[in-house]
Amino acid sequence: MLHKLLFAPTDRNDQFLPLLARFVFAATLLGYFWASAKTKLGDGIGGFFSPSVGAYAQIFPKQLEAAGYDASQLSVFHWLVVMAGTYAEFILPPLLVIGLLARPAALGMIGFVTVQSLTDLYGHGGIAHAETLGAWFDRAPDSAILDQRAFWMLTFAIIAVKGAGALSVDQFIAKRSPMAAPNAPAQAAGT
């Protein structure tokens with residue numbers, strides 16, 4: 001009886017958990033990703049199309065060092081990856097927060113954080129530092145990669161699987177879609 005009273009509404013309506021995941025993301029990670037994205041922009045008006053040297057240092061640290069910290073020595077591939085990462089940091093987090101294209105945005109963030117984590121571990125040498133890499137099933141819950149980013153991924157996975165949930169643009173659009181209307185009776189053949 002108590003279980004039905006407390007949990008039946010959430011069992012029937014699966015809108016709260018994704019809304020909570022979007023809220024937690026906005027409260028804890030939105031500022032982080034926005035600040036990180038801003039560090040990747042170059043100077044002046046063309047900065048949105050010309051990444052900073054810091055952007056290359058964040059994403060391709062070893063390659064930039066090998067090029068003598070001269071980003072012009074890197075290839076078009078490097079530029080494309082840096083620009084894709086920069087745009088992803090600017091575009092995907094707000095999409096998650098407002099719940100627009102939330103499932104693809106969450107999948108994009110899963111990919112982004114995977115690449116970010118691998119870069120932190122191998123490009124920046126975090127793999128050699130136990131406190132950065134961390135370990136699961138230990139008593140320290142604060143390592144940057146295995147602990148913190150596991151929680152990030154769980155947040156993204158909830159949205160990727162469940163959708164944006166309540167109070168989202170996706171839900172608003174779905175309710176107004178003709179596909180959301182109950183099926184009209186089939187018309188007789190030939191009319």
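Which residues lie nearest the centre of the largest pocket? They are Lys40, Ile59, Phe112, Val115 and Gln116, from a lining of 16 residues. The model is predicted. Helix α7 recurs throughout this briefing: α7 gives the largest share of the lining of the largest pocket, the largest share of the lining of the second largest pocket, and the most residues to the largest nonpolar core.

**Helix α7**

- Helix α7 covers residues 102-123, which is 22 residues.
- At 1.5 Å a residue, α7 should span 32 Å. Its end C-alpha atoms are 30 Å apart, so the span agrees with expectation.
- Buried positions in α7 are Ala102, Ala105, Ala106, Met109, Phe112, Val113, Gln116, Ser117, Thr119 and Leu121.
- An α-helix has 3.6 residues a turn, so residues three or four places apart point the same way.
- Just after α7, Gly125 takes a positive phi of about 80°.

**Ser117**

- Ser117 sits in helix α7.
- Its relative accessible area is 10%; the cut-off for buried is under 20%, so Ser117 counts as buried.
- Beyond its neighbours within four places in sequence, Ser117 is in contact with Ile145 and Arg149.

**Largest pocket**

- The largest pocket holds about 310 Å³ of space.
- Elements giving two or more residues to its lining are α3 (30-39), α4 (53-59), α6 (76-98) and α7.
- Helix α7 supplies 6 residues, the largest share of this lining.
- The lining of the largest pocket divides into 6 nonpolar, 7 polar and 3 charged residues.
- Two of the residues nearest the centre of this pocket, Phe112 and Gln116, are also buried positions of α7.

**Second largest pocket**

- About 150 Å³ of space lies in the second largest pocket.
- It is lined by 13 residues, and Arg103, Gly163, Ala164, Gly165 and Asp170 are the closest to its centre.
- Two or more lining residues come from each of α7 and α10 (169-176).
- The largest share, 3 residues, comes from α7.
- The lining of the second largest pocket divides into 4 nonpolar, 5 polar and 4 charged residues.

**Nonpolar cores**

- In soluble globular proteins, nonpolar side chains tend to be buried together.
- The largest nonpolar core has 20 residues. Phe33, Leu96 and Phe156 touch the most other members.
- At least two residues of this core come from each of α2 (16-28), α6, α7 and α9 (144-162).
- Helix α7 gives the most to this core, with 6 residues.
- Phe33 touches Phe25, Glu89, Pro93, Met109, Phe112, Val113, Gln116 and Trp152, leaving out residues up to four places away in sequence. Among these partners, Met109, Phe112, Val113 and Gln116 are buried in α7.
- Apart from the largest core lies another core, of 9 residues. Its members include Ala55, Tyr56, Phe60 and Ala67.

**Positive phi outside glycine**

- Tyr69 is not a glycine, yet has a positive phi of about 60°.
- Tyr69 is placed in the loop between α5 (61-66) and α6.
- Leu167, also not a glycine, has a positive phi of about 55°.
- Leu167 lies in the loop between α9 and α10.
- With a relative accessible area of 69%, against a cut-off of over 50%, Leu167 counts as exposed.

Conventions
Residues numbered from 1 in each chain as written. Predicted model: local features only at pLDDT ≥ 70, side-chain atom pairs only at ≥ 80, totals over all residues. Heavy atoms only, no water. Helix = DSSP H or I, 4+ residues; strand = E, 2+ residues; numbered from the N terminus. Expected span 1.5 Å × (residues − 1). Buried < 20%, exposed > 50% of the residue type's maximum accessible area, 1.4 Å probe, protein only. Contact = heavy atoms within 4.5 Å. 1 Å grid on protein atoms, 1.4 Å probe; cavity = no way out; pocket = protein on both sides within 12 Å on 5 of 7 lines; lining within 4 Å. Points joined across faces, edges and corners; volume = space filled by probe spheres on them. Nonpolar A, V, L, I, M, F, W, Y, C, P; charged D, E, K, R; others polar. Core = buried A, V, L, I, M, F, W, Y, C linked by side-chain atoms within 4.5 Å.
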